[in-house]
Amino acid sequence: MDMQTKRENKQERLMLLPPLEVFVPSDHRLRRLGRVLDLRFIHEAVRERYCQDNGRPSIDPEVIIRLFLLQAIEGIGQVRELLRQVQVNLAYRWFIGYELDETIPDHSTLSKALDRFGDEIFNQVFVRSIAQCQKSGLIEGKVLHVDATTIRADISKDRVGEDDSSDPDARFGHFPGGKLEPGYKQQTAVDDRSRVIVGLDVVSADRLEGQSVMSVVDSATEQLGSAPEVVCADAAYGSGENRAEFERRDIRLVSPPKKIQPLEGGQYFTVADFKYDEAQDVFVCPSGSLLHNVGGVIGRPKQQRYATSRTACRGCLLRERCTKSSRRQLKVSRHHGALVRLRADSRTESFRTLYRRRAPVIEGIFAEAKQWHGLQRAWRRGLSKMRIQCLLIAAVLNFKRLIASLSPIFGFKETISALVNAIWRILEIIRRCCHEILNVGEPNFA
């Protein structure tokens, strides 16, 4: 087992050269990120994962996290390619704290670190990005947008679900264009005002996002310290079950409910023509007869069946528009009352106004993550490593929002920093020149 170590600042090396950060422009994205990124907690967080008094010295854990963040910032899918670019890029070297003459860590070190750290360490980086954005006043937290996006797994289609599959967690899911591909889903909650990601969950691509929405909302609530007033989501979330769950949390669900399909081309009454009395748990048909709850639906545990008496239907004048059977039956969700309320709410102007904000916010987040930060395809295999990738990219997006909100302050700080560095360089040259004169007699500028 490696022994955990921490890098020390090397003040005496290359003293006649200016600091490496001098070569990084003041407006460079990594310099601005450096102003808000605080990874000092990493050493304590990974302490139990290292031997503290034996073994060979390890790569500084903070350097490893910075390299993974750099991978997410630039959207570089392969670790080998990442390290090749770090080798020659001064800004990258400055970001991870390596001087020009220091050897970049081997790719195998990063791969082993993923297994050693697990996704919990990276979740802490993500959680802290939320906390920083909240502390800065960015997050309002009243309206959240929730949606899921598919991510292509790094595996061929013919290996999905096989016992010896290199990615045993990947499953087939529907991707844009209707294609079935192996992959994962990232379900995400985003603050409406700031576009800060406040919660995420990662599952296999075959999972229906509407079935796990509460987990990501509860996660966001935990991070923010309070529940949102409104959750906006697309039609995949617009079920009676979800509406009922949100009502229990006193949250308004803004999600278009599924449309009621006409029966036999519109020849027969649909469930919308029957009035539901939730208090009595009965339906009232168009002719005034009652449909009582007669039990569940075989094979559909989330549904209930309601039916009239055969006597009521036998002499009904509206029977030809209602049913061909001896009595009319309805098969509906166990949360039909909540679905009725969702349908009524969906016809209000405030519902439509809130829903129109959904796509620009959360779909814009997904587009940014996939186009610029590598979310379109898994970098590694397995659910845990897919989660790490999603957490890193989400943290980077949050830091971008924080940086943008503080840009005027950064300009002032960068000016002061440039002046301090210039003074430092002048004083250092004077010191070295005095040293040369006292020891050699003449300064040597060769």
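**Aromatic rings and the nonpolar core**

In this predicted model, Phe122 is buried, with a relative accessible area of just 1%. Phe117 is tucked away too: it is buried, also with a relative accessible area of 1%. Both values fall well inside the buried class, because that label applies to anything under 20%.

These two residues also turn up together as a ring pair. The structure holds six aromatic pairs, and one of them joins Phe117 and Phe122, whose ring centres are 6.4 Å apart. With 45° between the planes, the Phe117–Phe122 pair counts as tilted, because stacked pairs need planes under 30 degrees apart and edge-to-face pairs need over 60. Add Tyr50 and Phe68 to Phe117 and Phe122, and you get one aromatic cluster.

Who else does Phe122 touch? Setting aside neighbours within four places in sequence, its contacts are Ile65, Phe68, Leu114, Phe117, Ile388, Leu391 and Leu392.

Zooming out, the largest nonpolar core takes in 92 residues. Phe117 and Phe122 are among those with the most contacts inside this core, along with Ile65, Phe95 and Val198. Helix H13, which covers residues 383-405, gives the most to the core, chipping in 13 residues. There is also a second, separate core of eleven residues, including Phe274, Phe283, Cys285 and Tyr306.

Charged side chains meet aromatic rings as well. The charged end of Arg66 sits over the ring of Phe95, 5.0 Å from the ring's centre. Arg31, for its part, lies over the face of Trp94, at 5.6 Å from the ring centre.

Terms used:
Residues numbered from 1 in each chain as written. Predicted model: local features only at pLDDT ≥ 70, side-chain atom pairs only at ≥ 80, totals over all residues. Heavy atoms only, no water. Phe/Tyr/Trp six-rings, centres within 6.5 Å; stacked < 30°, edge-to-face > 60°. Buried < 20%, exposed > 50% of the residue type's maximum accessible area, 1.4 Å probe, protein only. Lys NZ or Arg CZ within 6 Å of the ring centre and 35° of its normal. Core = buried A, V, L, I, M, F, W, Y, C linked by side-chain atoms within 4.5 Å. Helix = DSSP H or I, 4+ residues; strand = E, 2+ residues; numbered from the N terminus. Contact = heavy atoms within 4.5 Å.
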